[in-house]
Amino acid sequence: MGNAILISAAYGWFIGLLVMMIVLSALFVVIALVALKPYKIDDDTDESAALRLLNAREAELITLLLNNPNNVEYWNFLREVATAKIIVQELLDKENGVERTEAKPLGVDANLTEDEAMSLDDEEKVSIEQTFGEQPENSGNELEKSFTAKLMQSSDDTKVWYFELKNCILCYEKTKVRMRWDNEKFYIGRNNVATITMRGKQLCLYLAVTAEEYSARFPVKNSTSKKYREITPCLFRIKNAKSVKQAKELIALMMSDYGVLYVKTNHSIYALPYEDDDALVAKGLARQAQEKQEF
């Protein structure tokens, strides 16, 4: 009887150990499969994360240079980032077996001829003291005022923001400017990359990207205006110094997407001294609504 009990107990222990070994073996196999499984790199990380980080760093350095143009360390970092972007893109293209594509094309302004594009240049540069002045209350005179006239009669803050944006855009390779009646357009050749205008008393920046590309990071929206939505559809309303800083960052990202290099630091002040309505009319910067012309 005692032997039967011992045999039964031993048999039970044997079955228990066998089950435990099977379970442990199964766990070991699962762990081994997970551990030895090749790591699959997410498509987004191997294709775009490195370039995205480099683009962000480039935009950051450009913004820093706008405020510290003589910082040699920033310039060196910017060159290193630019070189790294080229190398990373070439390696990715080679690994994926794709041919190197050209930079994203800019929209061509059909109203600008090739000769006009060649003749574009910077505006007159003057000291900031010649720019500011007191702005009287609205006289009620219903004149159609040009963009230049609106800037002349705008607040000092608006003028400063305008200077900063204009200087920022003109820091990029081969970028030139053309002042028109109701806006100021920035070109690379005949390609319109940005436009600055005023809607009411608010400064507005239009860029050659879609708002969807950057709306998660910047307070932008797509323009509904026929005048801008085809080539420069992204509307950025400039409300304060913070929005100017954000606009500069967006400009840097946009230029990077288009493959346009940051080549200089531009700290010019453009002539916008205050003048009253009579003076603006005399200079052709304001007119009656029925008088249609291009400036």
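**Exercise 1: Getting an overview**

Task: Among contacts in the protein chain between residues at least 6 apart in sequence, find what share joins residues at least 24 apart.

Solution: The share is 70%. Keep in mind as you work that this is a predicted model. Next, take stock of the parts: the protein chain has nine helices and eight strands. Finally, look at burial: of the 295 residues of the chain, 37% count as buried.

**Exercise 2: Laying out the sheet**

Task: Work out in which order the six strands of the open sheet are arranged, and which strands stand at its edges.

Solution: Start with the order, which reads 2-3-4-5-7-6, with antiparallel pairing. Now go to the ends of that list. Strand 2 (175-179) and strand 6 (220-222) each have a single partner strand, so one side of each has no neighbour in the sheet. As a last step, consider the twist: neighbouring strands of this sheet are turned by 25 degrees against each other on average, direction ignored.

**Exercise 3: Following strand 2 into strand 3**

Task: Describe how strand 2 and strand 3 are joined, and which residues stand opposite each other.

Solution: Begin with the connection. Four residues form the link of a hairpin that joins strand 2 to strand 3. Then look at the pairing: strand 2 and strand 3 (residues 184-188) are antiparallel partners over five bridges. Two opposite pairs help you see this. Lys-176 faces Tyr-187 in strand 3, and Met-179 stands opposite Glu-184 in strand 3.

Now check a distance. Lys-176 and Phe-186 are ten residues apart in sequence, and their C-alpha atoms are 5.6 Å apart in space.

**Exercise 4: Buried or exposed?**

Task: Decide whether Lys-174, Lys-176 and Glu-275 are each buried, partly exposed or exposed.

Solution: You need two cut-offs here: buried means under 20% relative accessible area and exposed means over 50%, with partly exposed in between.

- Lys-174 lies in the loop between helix 6 and strand 2. Its relative accessibility is 63%, so Lys-174 counts as exposed.
- Lys-176 belongs to strand 2. With 30% relative accessibility, Lys-176 counts as partly exposed.
- Glu-275 sits in the loop between helix 8 and helix 9 (277-282). Its relative accessible area is 15%, so Glu-275 is buried. Leaving aside neighbours within four places in sequence, Glu-275 touches Gln-153, Leu-280 and Lys-283.

Strand 2 as a whole can be judged in a similar way. Four of its five residues are buried, so strand 2 is largely enclosed by the rest of the structure.

One more detail concerns the backbone. Most residues other than glycine have a negative phi. Lys-174 is not a glycine, yet its phi is positive, at about 60 degrees.

**Exercise 5: Strand 7 and its partners**

Task: Find out how many bridges join strand 7 to strand 5 and to strand 6.

Solution: Take strand 5 to begin with. It runs antiparallel to strand 7, and five bridges join the two. In this pair, Cys-204 stands opposite Arg-237 of strand 7. Then turn to strand 6, which pairs with strand 7 in the antiparallel sense over three bridges. Here Val-220 has Phe-236 of strand 7 as its bridge partner. To finish, note the burial: four of the five residues of strand 7 are buried, leaving the strand mostly covered.

**Exercise 6: Helix 8 and its surroundings**

Task: Determine how helix 6 and helix 8 are oriented towards each other, and which residues make the contact.

Solution: The axes of helix 6 (residues 156-169) and helix 8 come within 10 Å and cross at roughly 15 degrees. Angles under 35 degrees count as roughly parallel, and the two helices are therefore roughly parallel to each other. The crossing is right-handed. On the helix 6 side, Trp-161, Glu-164, Leu-165, Cys-168 and Ile-169 make the contact; on the helix 8 side, Ala-241, Val-244, Ala-247, Lys-248, Ile-251 and Met-255 do.

**Exercise 7: Inside the largest nonpolar core**

Task: Identify which residues touch the most other members of the largest nonpolar core, and which helix gives the most to it.

Solution: This core has 58 residues, and Tyr-172, Leu-203 and Leu-205 touch the most other members. Helix 8 (residues 241-257) gives the most, with eight residues. Now zoom in on Tyr-172: beyond its neighbours within four places in sequence, its contacts include Ile-251, Ala-252 and Met-255.

How values were computed
Residues numbered from 1 in each chain as written. Predicted model: local features only at pLDDT ≥ 70, side-chain atom pairs only at ≥ 80, totals over all residues. Heavy atoms only, no water. Core = buried A, V, L, I, M, F, W, Y, C linked by side-chain atoms within 4.5 Å. Buried < 20%, exposed > 50% of the residue type's maximum accessible area, 1.4 Å probe, protein only. Contact = heavy atoms within 4.5 Å. Pairing = 2+ DSSP bridges. Axes fitted to C-alpha atoms, helices over the stretch in contact; angles between N-to-C directions. Parallel < 35°, antiparallel > 145°, perpendicular 65-115°, else oblique. Left-handed = near helix turned anticlockwise from the far one by under 90°.
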